[in-house]
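Student: I've just opened this one and don't know where to look. Could you walk me through it?

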Amino acid sequence: MEKDRREFLKIGGISVLGLSALPVFQALAQEKGPRYKPDPKALKGAQWAMIVDMKKCWEQQDKRQCRDCILACHKIHNVPDIPDQKREIKWIWLEEYKHAFPDQAHEYAPEKVKENPFMLLCNHCSNPPCVRVCPTKATFKRKPDGIVMMDFHRCIGCRYCMAGCPYGARSFNWGDPRPYLKPEDINMTYPTRRKGVVEKCTFCYERIDEGLQPACVEACKVKALIFGDITNPNSEVRKILSGHYSLRRKIELGTGPNVYYLI
Amino acid sequence: MYDAKKIVPGILIFVVLFTFPLWSNMGKAAPAPKPELPKTEKVCVMDTAYMKTEHMVLLNQWRDLVVRDANRLWVGPDGKEHFMSLQNSCMKCHSSKVKFCDQCHNYAGVKPYCWQCHIEPKENM
Ligand code: SF4
Ligand code: SF4
């Protein structure tokens with residue numbers, strides 16, 4: 001008797017489960033193949049990295065005050081030009097040696113290194129502290145290619161990531177950024193941000209996913225910026241790194257930055 | 001009843017004022033929204049009935065597919081591939097936010113915040 005009731009309940013339970021799963025099966029059966037897919041042209045890599053060849057960059061800065069990469073990046077991504085330093089937004093910017101490399105800077109370094117600014121951007125760290133502290137996963141490390149992404153839709157503006165990032169790579173929108181964009185310069189194919197979200201370099205995921213190089217890399221006329229997959233021994237970045245001594249910022253913090261500097 | 005002279009007119013005035021929106025709009029139903037459909041395309045990324053009621057769900061799905069999972073292409077019911085992008089796909093066909101989106105959104109009194117970041121097409125009217 002006891003056993004019978006158990007059997008009955010088991011069978012009943014399984015049937016109910018099966019019935020409730022029916023719509024799912026029907027939906028799956030109707031699918032004629034995937035409804036969505038990546039662009040076949042998308043660039044593929046396991047961890048994107050960038051080399052900044054400061055020697056080449058400084059030559060251009062001396063010659064013509066070159067800011068091509070900054071201008072290209074900020075124009076394409078509708079990054080506003082806010083004069084107030086406390087509210088400025090930057091994705092790629094210039095910084096003095098002693099601030100960029102505070103752990104290794106010393107007063108006897110070559111004049112050239114001490115006096116010329118370095119080109120800085122988000123390091124798309126291998127072990128990004130910003131991602132660990134984000135409570136909403138608005139910033140996350142993209143699994144297939146290691147880009148440290150920003151999902152602006154999810155950002156709640158808590159600024160934990162800004163406190164977590166040891167490189168100052170993140171900016172906060174204290175107000176609506178739109179008044180600081182020149183209407184004629186706005187890129188109509190890319191969104192702006194709104195008040196209360198954090199932003200930073202995204203390694204141009206929107207371009208990589210369509211098979212294009214990052215905007216700053218494309219804009220640099222002397223190839224001072226080189227982009228590629230650091231895990232691929234045949235990539236250009238790996239070839240350059242194996243032939244030149246390079247620096248990374250604040251490696252002792254264990255964030256595993258993926259932007260390399262040649263000087 | 002004490003003070004009936006004051007209370008009765010008071011109640012009357014209150015009822016009249018309280019029902020003011022009702023009778024002042026009587027017989028003047030707001031016209032049904034008429035979103036303008038694109039002339040160039042016949043088929044959307046899903047069928048019309050679905051788009052009418054579920055486009056916001058689809059947009060959220062697209063958002064996650066693109067931003068979080070690096071997908072870019074959407075296969076429509078007719079097998080045609082579409083680039084998943086509000087600014088660069090939806091608004092290419094529906095090229096006027098005023099004549100399309102705003103029509104129903106204003107009627108229904110909803111204010112989607114898409115446009116705080118996504119840039120709406122320039123209205124050349
Ligand atoms: S540089 Fe800063 S923002 Fe970029 S991944 Fe590293 S910790 Fe995050
Ligand atoms: S990779 Fe793209 S987003 Fe990052 S600094 Fe270069 S242009 Fe700007």
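## Reading helix H4 and the chain contacts

Tutor: Let's start with one helix of chain B, keeping in mind that this is a predicted model. In H4(B), the buried residues are Leu86(B), Gln87(B), Ser89(B), Cys90(B) and Met91(B).

Student: Which elements do the buried residues of H4(B) pack against?

Tutor: They pack against H3, S2 and helix H5 (101-108) of chain B. Look at the start of H4(B) too: there a side-chain oxygen of Ser85(B) comes to within 2.9 Å of the backbone nitrogen of Asn88(B).

Student: Now the two chains. How many residues of chain B are in contact with chain A?

Tutor: 26 residues of chain B are in contact with 31 residues of chain A. About 2600 Å² is buried between the chains, and carbon and sulfur atoms give 53% of that area. As for polar contacts, 16 residue pairs link chain B and chain A, both residues being at pLDDT 80 or more.

Student: Which element gives the most to the side of chain B that touches chain A?

Tutor: H3(B) does, with four residues. By class, that side of chain B has 14 nonpolar, six polar and six charged residues.

Student: Do strands come into it? I'd like to know which residue is the bridge partner of Tyr36(A) in S1(B).

Tutor: It's Trp74(B). Strand S1 (residues 36-37) of chain A and S1(B) run antiparallel, joined by two bridges.

Student: And how many salt bridges are there between chain B and chain A?

Tutor: Two. In one of them, Lys37(A) meets Glu81(B) at 2.4 Å, N to O. Another salt bridge joins Asp151(A) to Arg68(B), with the closest N and O atoms 2.8 Å apart. That pair crosses between chains, from the loop between strand S6 (148-150) and helix H7 (160-164) of chain A to helix H3 of chain B.

Student: Why do Asp151(A) and Arg68(B) count as buried?

Tutor: Buried means under 20% relative accessible area. Asp151(A) is buried because its value is 1%, and Arg68(B) because its value is 15%.

Student: What does a salt bridge inside one helix look like?

Tutor: First the general idea: an α-helix has 3.6 residues a turn, so residues three or four places apart point the same way. Here, Glu111(A) and Lys114(A) lie three residues apart in helix H5 (residues 111-115) of chain A. They form a salt bridge, the closest N and O atoms being 3.7 Å apart. Glu111(A) is partly exposed at 47% relative accessibility, and Lys114(A) is partly exposed at 28%.

Notes
Residues are numbered from 1 along each chain as its sequence is written. Chains are lettered from A and ligands numbered from 1 in the order in which they are written. This is a predicted model: local features need pLDDT of at least 70, side-chain atom pairs count only at pLDDT 80 or more; totals for chains, interfaces and linings use all residues. Side-chain values use heavy atoms; hydrogens and water are left out. Contact means heavy atoms within 4.5 Å. Buried area is the accessible area (1.4 Å probe) that two parts lose on being put together, summed over both. A salt bridge is a side-chain nitrogen of Lys or Arg within 4 Å of a carboxyl oxygen of Asp or Glu. A polar contact is a pair of N or O atoms within 3.5 Å; within protein, one must be able to donate a hydrogen and the other to accept it, and residues adjacent in sequence count only if both atoms are side-chain atoms. Ala, Val, Leu, Ile, Met, Phe, Trp, Tyr, Cys and Pro count as nonpolar, Asp, Glu, Lys and Arg as charged, and the others, Gly among them, as polar. Two strands pair if DSSP finds at least two bridges between them. Buried means under 20% relative accessible area, exposed over 50%, partly exposed in between (1.4 Å probe, protein chains only).
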